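Biologist: Could you take me through one part of this model up close, and then show me how it sits in the rest of the protein? I'd like to follow it with the structure open in front of me.

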Amino acid sequence: MYDVIVIGCGIVGAATAYELSKYQLKTLILEAENDVSLGATRANSAIMHAGFDPEPGSLMARLNVEGAERAKELCKKLSVHYDQIGSLVVAFSEEELALIKTLYDRGVKNGVKDLELLNQEELLKKEPNLSHESLGALYAPTAAIVNPWEFCLALAETAVKNDVEIALNNRVTDIKKLDDGYEITTTKSTYQTKYVFNAAGVHSDDIHNLIAEPNFEITPKRGEYYLLDKSEGKVVNHVIFQCPSSVGKGVLISPTVHGNLVVGLTQKPSHTMIWILEEILEIRRQV
């Protein structure tokens, strides 16, 4: 019998296994795919958010700020590519200037370090290719970019070196409660464990419902990014966010750790994204 079975090996499952590997435990990771990090972990914005967005006092607020600091330390320890380039939330109206002030106050309450409110001159000095219609921005220097697949792989590999077992192509199909733990059935075998850690990502509700009464439901959404060539990687120097609105957080533009430029994310092909790309290309033609 295992002490702990971790279901899922995206960034959460890998990080959990990494921490558990520091103790004298018999630990197993069950992963449905044929490799780690093949779900949401491999296909996201690759941004370590500073922590000004979550509601103050919430668990997310505390873990966001603490997690960003710990991730920086972990990336250094595990030789994972990490660039602390900072982020900017750009305002284009008086209403948006008021919103970034709210985000600033929220970030200060959350303990985000070194936040600044920039006027137009200060903003354009940092990002000369931004529109001159911008009025200011919230600057969060602790935000960073990372290679999420590499980060996940490094955590999982370290856990395995510390005697954590991993079973790939093992999709969980059933969980039964035993007197002293749980019995987990997969597409390949059956395992017994004292404790279960559910790290199944967008399928974590399905795993939860195998053993407990349904009390939450995940509605996953998939969108699109544009990945530009490395020749466009220096158009911006920071992660650039639109001000959030009632319809969402909008499209971001960010360098990648590989020197490319990524634009996204939407739930469907976006005219806004196309417009941003056209603007970027026009800027490049003028330089």
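Modeller: Happy to! Let's begin with Ser87, which is buried, because its relative accessible area is 1% and the cut-off for buried is under 20%. Please keep in mind that this is a predicted model. You will find Ser87 in strand 5, which covers residues 87–91.

What is Ser87 in contact with, leaving aside its neighbours within four places in sequence? One group of partners is Leu138, Tyr139, Ala140 and Ala143. Another is His238, Val239 and Phe241, and Phe52 completes the list.

Two of those partners, Leu138 and Tyr139, lead us on to Glu116, since they appear in its contact list as well as in that of Ser87. Glu116 lies in strand 6. With neighbours within four places left out, Glu116 is in contact with Tyr104 and Ala137 in addition to Leu138 and Tyr139. Glu116 and Ala137 are 21 residues apart along the chain, while their C-alpha atoms are separated by 8.3 Å. Is Glu116 buried, exposed or partly exposed? Its relative accessibility is 39%, so Glu116 counts as partly exposed.

Step back along the chain from strand 6 and you come to the loop that joins helix 3 (94–110) to strand 6 (116–119), where Asp114 is found. Asp114 counts as exposed because its relative accessibility is 58%. Its backbone deserves a look too: Asp114 has a positive phi of about 65° although it is not a glycine. Most residues other than glycine have a negative phi, and most peptide bonds are trans.

Asp163 is another non-glycine residue with a positive phi, here about 80°. It is found in the loop between helix 5 (148–161) and strand 9 (165–167). At a relative accessible area of 65%, Asp163 is exposed. As for peptide bonds, the one from Gly264 to Leu265 is cis, with omega near 5°. Leu265 belongs to strand 16, residues 261–266.

The loop with Asp163 follows helix 5, so let's see what that helix packs against. Helix 1 (residues 11–20) packs with helix 5 at an angle of about 30°, and their axes are 8 Å apart. The two helices are therefore roughly parallel to each other, and helix 1 passes helix 5 in a left-handed crossing. On the helix 1 side, the contact is made by Ile11, Ala14, Ala15, Ala17 and Tyr18. Helix 5 brings Phe151, Cys152, Leu155, Ala156, Thr158 and Ala159. By type, the residues of this contact are ten nonpolar, one polar and no charged.

Helix 1 has further partners as well. Its buried residues are Gly13, Ala14, Thr16, Ala17, Tyr18 and Leu20, and they pack against strand 1 (2–7), strand 2 (27–30), helix 2 (59–77) and strand 12 (190–198), along with helix 5.

Now for the whole protein: its secondary structure comes to seven helices and 16 strands. The C-alpha atoms fill a box of roughly 65 × 40 × 35 Å, taken along the principal axes. Ser87 is buried, and 43% of the 287 residues count as buried. Of the contacts with a separation of 6 or more, 67% are between residues 24 or more positions apart. The accessible surface comes to about 16,100 Å², with 52% of that belonging to carbon and sulfur atoms.

Conventions. Residues are numbered from 1 along each chain as its sequence is written. This is a predicted model: local features need pLDDT of at least 70, side-chain atom pairs count only at pLDDT 80 or more; totals for chains, interfaces and linings use all residues. Side-chain values use heavy atoms; hydrogens and water are left out. Helices (H or I, at least four residues) and strands (E, at least two) are DSSP runs, numbered from the N terminus. Buried means under 20% relative accessible area, exposed over 50%, partly exposed in between (1.4 Å probe, protein chains only). Contact means heavy atoms within 4.5 Å. Axes are lines fitted to C-alpha atoms, for helices over the stretch in contact, and angles run from 0 to 180 degrees between N-to-C directions. Angles under 35 degrees count as roughly parallel, over 145 as roughly antiparallel, 65 to 115 as roughly perpendicular and the rest as oblique. A crossing is left-handed if the near helix is turned anticlockwise from the far one by less than a right angle, and right-handed if clockwise. Ala, Val, Leu, Ile, Met, Phe, Trp, Tyr, Cys and Pro count as nonpolar, Asp, Glu, Lys and Arg as charged, and the others, Gly among them, as polar. Accessible areas come from the Shrake-Rupley method with a 1.4 Å probe; for residues, only the protein chains shown count as cover.
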